[in-house]
There are 4 protein chains.
Amino acid sequence: MDGIARDKRSQILRAAARVFSTKGFHKAKVEEIAAEAEVGKGTVYEYFSSKKELFQEMFKSSSMFYLDVLERKLDNKDSVVEKLRQVVSLHLNFIEKHKDIARIILREHMDLGEHLTSWMIEKQEEKVAYIQKLIDEGIDRGELKVMDTAVVARMFLGAVAFSGHMLFFGQEADTEHLTEQVMETLLNGMAQG
Amino acid sequence: MDGIARDKRSQILRAAARVFSTKGFHKAKVEEIAAEAEVGKGTVYEYFSSKKELFQEMFKSSSMFYLDVLERKLDNKDSVVEKLRQVVSLHLNFIEKHKDIARIILREHMDLGEHLTSWMIEKQEEKVAYIQKLIDEGIDRGELKVMDTAVVARMFLGAVAFSGHMLFFGQEADTEHLTEQVMETLLNGMAQG
Amino acid sequence: MDGIARDKRSQILRAAARVFSTKGFHKAKVEEIAAEAEVGKGTVYEYFSSKKELFQEMFKSSSMFYLDVLERKLDNKDSVVEKLRQVVSLHLNFIEKHKDIARIILREHMDLGEHLTSWMIEKQEEKVAYIQKLIDEGIDRGELKVMDTAVVARMFLGAVAFSGHMLFFGQEADTEHLTEQVMETLLNGMAQG
Amino acid sequence: MDGIARDKRSQILRAAARVFSTKGFHKAKVEEIAAEAEVGKGTVYEYFSSKKELFQEMFKSSSMFYLDVLERKLDNKDSVVEKLRQVVSLHLNFIEKHKDIARIILREHMDLGEHLTSWMIEKQEEKVAYIQKLIDEGIDRGELKVMDTAVVARMFLGAVAFSGHMLFFGQEADTEHLTEQVMETLLNGMAQG
DNA sequence: CATGAATGAGCGTTCATTCAT
DNA sequence: CATGAATGAACGCTCATTCAT
């Protein structure tokens, strides 16, 4: 009655992550999530007022976890380049380890109604802002070139996000190597000479 | 009796693009698409056997148009770098001009049932393959460094796709400038010196 | 433009018989009947005001044809027993030759809305009345026993109708032999001695 | 909370019997059956996966009930003639008491899609086989004449089924008397002397 | 708190019927 | 007369949400 199960709420949250990531928001049935969580259908509504809220909460707690790990690890890095490398590495390792949740984060552009979408766009913009701040810092320190950081921050995230697809579809599954490839290309470019 | 209305099929296709891009697949009602196209609900089913097929056809014709323009413009370019620049430029201009359709293409990672999703992933992988081929060619010609082209092709597309978000959310709306920024960063990297 | 096709009306009627008998009333599509008749869908409505009317007219003309043959053949028979034998024989031969239409007549108890049903019940009661009259005549002539003719007329038709199922499902396909069996049993009963 | 309402499932089944028998399969609306059963539309689908299944289950449980009564009553009869008389009597009494369900069993030749029809034909053929076995037994015991039992079994059922129409349309409503009439005619025939 | 039976709004789809050509 | 493109009323079914126990 404790230990693994801890409390019903996170039990449901974990089940939701599994089901939503497999089926997507619309195809996922509340009943199935309840079954997966080994609780009654009604119990889900004790903790979450709607399917939408359940999704948001699940997404929020996943992201939070993700961002928590990120910020903790980045604090003890000096060089911005190192920090960026950490972002890439963490992102790819996160995907590798939590394919469930990752599938959702990769799908961040999902089609969902009004508030939900705007809330997710907000979340995404937060991430952009975070990276942009990092790049700005890198320019100040002379580590990075002067660039349009708003654009480059988005490119950075896009490049990292799509490179993560390799872990799903590609044969390439070594996150270490993948991180190097991504950083090398982002830092020094594709051009010869 | 001609001109604007042209034929019902493309009338519906255009309405579908507008509605699907605004509401997403699941929230879009067939009835609303019909109303938007100024035809009866039944008429939609004269031309498309299901909502799913309507979506696919709309998506297909949009993509086709996009890829058509792409391939035509790329043929008369010599340098691979120039070709890649064209890819970026066309992508961003396409977004700028067809925000409706673009919203959908940007959402390419949507959650849709079985076949639909797999079909779209296929489409995406085609694009990856196309870019990868281009990069391979660039390496052969000595224009680009030796890289893991599978990874870099994805990064390239991710960087371009996300940079396009600027056109929706950012203040930056000059595609010319945006293209330069993106290419400069991708070719020469972010690192100083 | 003449000869086989004769006129559109009967062309449609024949197609209707084929399609209705194969699919039943509800599963039959007006469009399919039109196609089968090699006319446009709209043309059907030139001759019949609704699907229901088309069905009725088709049924009516089939029954009429059936009853016409019946009455003509019965006039030149003296004995009532001979007349009843003719009824059985004609019924079974009609089934054998026009399986299409027969399938419908066998299904006379179909589920159809209000008027249609009541009209068909009327038709059936007409047949009952006809047989009842025949049996009454037979009793008057001393050929048949005194019986509750209302009941026996129905039994007679029921026995004949169901025996006709043999032609669809059973191995027995010789209508001559079948007629004898049916008449023998109806006339002399099942009981030994 | 018990007694009349018993359980929802049979509540729906009874309502279905009433509505289907009045309107037939196609004209009956699931919503109306739900209303008749005083439950929500969705509740119907808690117990039956489709309208078709609801119909089948209703039909099955009706038939089962009918055949159960039949077989129980027949066991303690010695003479085959008595058994057949019981078949007739039970059939007619069943109709008299359960006009709802009877209307359906009388309509056994209904037009319904694929499986449903074939399943009902099967059911009918079972009944034929049952009667045929009975008649065979009667012949063995010397109670009945030697006849083509496949044909006669069908005739028997047809005669009984159609005689039952009297209870719906005719003035004759005394099942006792009706049974006698039917048996007398079937056993000893219509012919004088 | 926990449950799951009951609910009904909502939507995709069909197809008889109409009518402009 | 003949046509078939266009129409929309109608219905089966799903599933998020509620609430009596």
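These questions and answers cover how chains A to D meet DNA strands E and F in a predicted model.

Modeller: Residues are numbered from 1 along each chain as written, and chains are lettered from A and ligands numbered from 1 in written order. Local features need pLDDT of at least 70 and side-chain atom pairs pLDDT 80 or more, while totals for chains, interfaces and linings use all residues; side-chain values use heavy atoms, without hydrogens and water.

Colleague: Which residues come nearest to DNA strand F?
Modeller: A residue is near a strand if one of its heavy atoms lies within 4 Å of it. There are 30 residues around DNA strand F. Sugar and phosphate make up 62% of the strand F atoms that come within 4 Å of the protein. The nearest residues are Thr43(B), Tyr47(B), Thr43(C), Lys29(D) and Lys41(D).

Colleague: Which side chain has an N or O atom 2.4 Å from a base nitrogen of DNA strand F?
Modeller: A polar contact is a pair of N or O atoms within 3.5 Å; within protein, one must be able to donate a hydrogen and the other to accept it, and sequence neighbours count only through two side-chain atoms. Tyr47(B) has a side-chain N or O atom 2.3 Å from a phosphate oxygen of strand F. Thr43(C) also places a polar side-chain atom 2.3 Å from a phosphate oxygen. The base nitrogen is approached by Lys41(D).

Colleague: Which helix of chain A supplies at least two residues of the surface near DNA strand F?
Modeller: Helices are DSSP runs of H or I with at least four residues, strands are E runs of at least two, and both are numbered from the N terminus. UniProt, in an unreviewed entry, places a "DNA-binding region" at residues 29–48 of chain A. That span is 70% helix and 0% strand. The helix is α3 (41–47).

Colleague: Which side chain has an N or O atom 3.4 Å from a base nitrogen of DNA strand E?
Modeller: Two lysines face phosphate oxygens of strand E: Lys51(B) at 2.9 Å and Lys8(D) at 3.3 Å. The base nitrogen pairs with Lys41(A).

Colleague: What axis relates chain D to chain C?
Modeller: Superposition is by least squares on C-alpha atoms of residues with pLDDT of at least 70 in both copies. Chain D fits chain C with an RMSD of 0.3 Å after a turn of 179° and a shift of 0.1 Å along the axis. That relation is a two-fold axis.

Colleague: What share of the contact residues of chain D recur in chain C?
Modeller: Contact means heavy atoms within 4.5 Å. The same surface serves both copies. The share is 98%.

Technical notes. UniProt positions are given in the numbering used here, feature names are shortened, and annotations may be inferred rather than shown by experiment.
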